[in-house]
Amino acid sequence: MSESSAEVVADVASAAVAASAAGAAGGWRRATGMAGVAIGVVAAGAAAGVALERMTVGRGMRQKARLALDSAGPYGSLRGMPGKAFADDGTELYYEVDDLDAEAAPAAIGPRRRRLFGRKSPAPVTVVFSHGYCLSQDSWHFQRAALRGVVRTVHWDQRSHGRSGRGVAQSRDDAPVTIEQLGRDLKAVIDAAAPEGPLVLVGHSMGGMTVMALADQYPELIRERVVGVAFVGTSSGRLGEVNYGLPVAGVNAVRRVLPGVLKALGQRAELVEKGRRATADLFAGIIKRYSFASRDVDPAVARFAERMIESTPIDVVAEYYPAFNDHDKTEALAHFAELPVLVLAGVQDLVTPSEHSEAIADLLPDAELVLVPDAGHLVMLEHPEVVTDRLADLLTRTGAVPAGATVKGYGSTSTAQPG
């Protein structure tokens, strides 16, 4: 993409936030009744935080810009060796493995790992990445690109997200999604993709909660195999107190009606999906507001995040939402007390505020706490160089990456030599 066309796309991306919000919101209210009230409140909060630069950009031009970004953006294109695990209710969980380069394998296992596992050729360290709500394994694009060939990694899609199957318990038995279930799903993926050897667990948002649920239910796995953990933009509980950057009256209204609204929307999924397409500009603004804090975020990255979130069906959004108010894994954090831990968050995260990461670090006083200025909820996409650098340092401390190894793309290990 040329510099001039990139500037046009940037302008279009900014203008897409609210250019047709009023008319779209009115149509949405007529189509889905009470849903429009809640979405209107959230949209108002989004519009308040996003500058509208050019009201004159037409919808057709905005649509062309989205198509151009979709065709030119490389994000989410990385693929590994595919595999399937099966949850305890039969849900098919899709994962991919990026293996360690054969030449790097001997160097990647330090003496400490050899002593720990008592074998001449121990299994390599495996880094397991768990993504957040309404995202997919592709949300780790930059970190995956940087670590390819340097360390063995597993990327998986949570149930009903990405390439994984719809939750069987949800579709067959109308059972609620629970964070505990997600912890068991992660155990199934580990059993299938990394049945032996040391593990480093990395979780963003809901993925971090999944890691906590794993520890709560399988403390022996943490004790015997896990050598490091990274919590990115996540929370151990009290999510019902988050105000999402809305005024008191607005957040109270959302809390009061949103559970019922989502349930109603989930039951009218086909109609709602048409509505989402019809109000794409409005939702682009909302997504950008709650994903990023930087004014100059790459439009291609913003569109990439938008595509991931758009691809999550509304009934899946509805299934998951109640689980977050019930989430409380504060006590489970004790299982990580003896491990190297990274806790990282964007200072301007409106979804899982950085205070929640600080609370995690307070309970794990030996953890490294990194608060990234000018960063929102999708900090690993917004400031990938910071996340990758701190993650690489964690991997060096755990022995997963040898001191002196260079991590490609964004950042390097703290001991890597320049040049």
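Start by selecting Tyr75: at 16% relative accessibility it counts as buried, because the cut-off is under 20%. Keep in mind as you click around that this is a predicted model.

**Stop 1: the rings around Tyr75**

Add Phe304 to your selection. Phe304 is buried as well, with a relative accessible area of 3%. How are the rings of Tyr75 and Phe304 arranged? There are 6 aromatic pairs in the count, and Tyr75 with Phe304 is a tilted one, 5.9 Å centre to centre with 40° between the planes. This pair ties together distant parts of the chain: Tyr75 sits in the loop between α4 (59–72) and β1 (81–86), while Phe304 belongs to helix α15 (residues 299–310), 229 residues apart. Now show Phe142 too, since ring pairs link Tyr75, Phe142 and Phe304 into a cluster.

**Stop 2: zoom out**

Switch to cartoon for a moment. You should find 19 helices and 8 strands. Of the 419 residues, 56% count as buried. If you take the contacts with a separation of 6 or more, residues 24 or more positions apart account for 80% of them.

**Stop 3: two residues on helix α9**

Colour helix α9 (residues 179–193) and pick Asp185, which lies in it. Is Asp185 buried or exposed? Asp185 is buried, with a relative accessible area of 0%. Show its surroundings next: leaving aside neighbours within four places in sequence, Asp185 is in contact with Ala87, Leu93, Trp156 and Arg159.

Stay on α9 and select Lys187, which is also placed there. Lys187 has a relative accessible area of 18%, so under the 20% cut-off it is buried. Which residues does Lys187 contact, beyond its neighbours within four places in sequence? They are Leu214, Tyr218 and Leu221. Turn the view to look at Tyr218: Lys187 lies over the face of that ring, at 5.2 Å from the ring centre.

**Stop 4: Leu147 and helix α19**

Jump to Leu147 in helix α7 (residues 141–147). Leu147 is buried, at 3% relative accessible area. Not counting residues up to four places away in sequence, Leu147 touches Phe129, Leu391, Leu395 and Val407. If you like drawing distances, try Leu147 to Asp98: their C-alpha atoms are separated by 9.0 Å, with the two positions 49 residues apart along the chain.

Two of those contacts, Leu391 and Leu395, take you to helix α19, where both are buried. Select residues 384–398 to see the whole helix: it has 15 residues and reaches 21 Å from its first C-alpha to its last, close to the 21 Å expected at 1.5 Å a residue. Why call α19 largely enclosed by the rest of the structure? Because 11 of its 15 residues are buried. Among them are Pro384, Val387, Arg390 and Asp393. Just past the helix, click on Gly399, which follows α19 and has a positive phi, near 85°.

**Stop 5: a β-α-β unit**

For the last stop, select strand β7 (residues 341–346) and strand β8 (residues 368–372). These two run parallel and are joined by 5 bridges. Put labels on Leu342 and Glu368: Leu342 stands opposite Glu368 in β8. Then add helix α17 (residues 354–363), which together with β7 and β8 makes a right-handed β-α-β unit.

Notes: Residues numbered from 1 in each chain as written. Predicted model: local features only at pLDDT ≥ 70, side-chain atom pairs only at ≥ 80, totals over all residues. Heavy atoms only, no water. Helix = DSSP H or I, 4+ residues; strand = E, 2+ residues; numbered from the N terminus. Expected span 1.5 Å × (residues − 1). Buried < 20%, exposed > 50% of the residue type's maximum accessible area, 1.4 Å probe, protein only. Contact = heavy atoms within 4.5 Å. Pairing = 2+ DSSP bridges. Right-handed = clockwise from strand over helix to strand, strands pointing away. Phe/Tyr/Trp six-rings, centres within 6.5 Å; stacked < 30°, edge-to-face > 60°. Lys NZ or Arg CZ within 6 Å of the ring centre and 35° of its normal.
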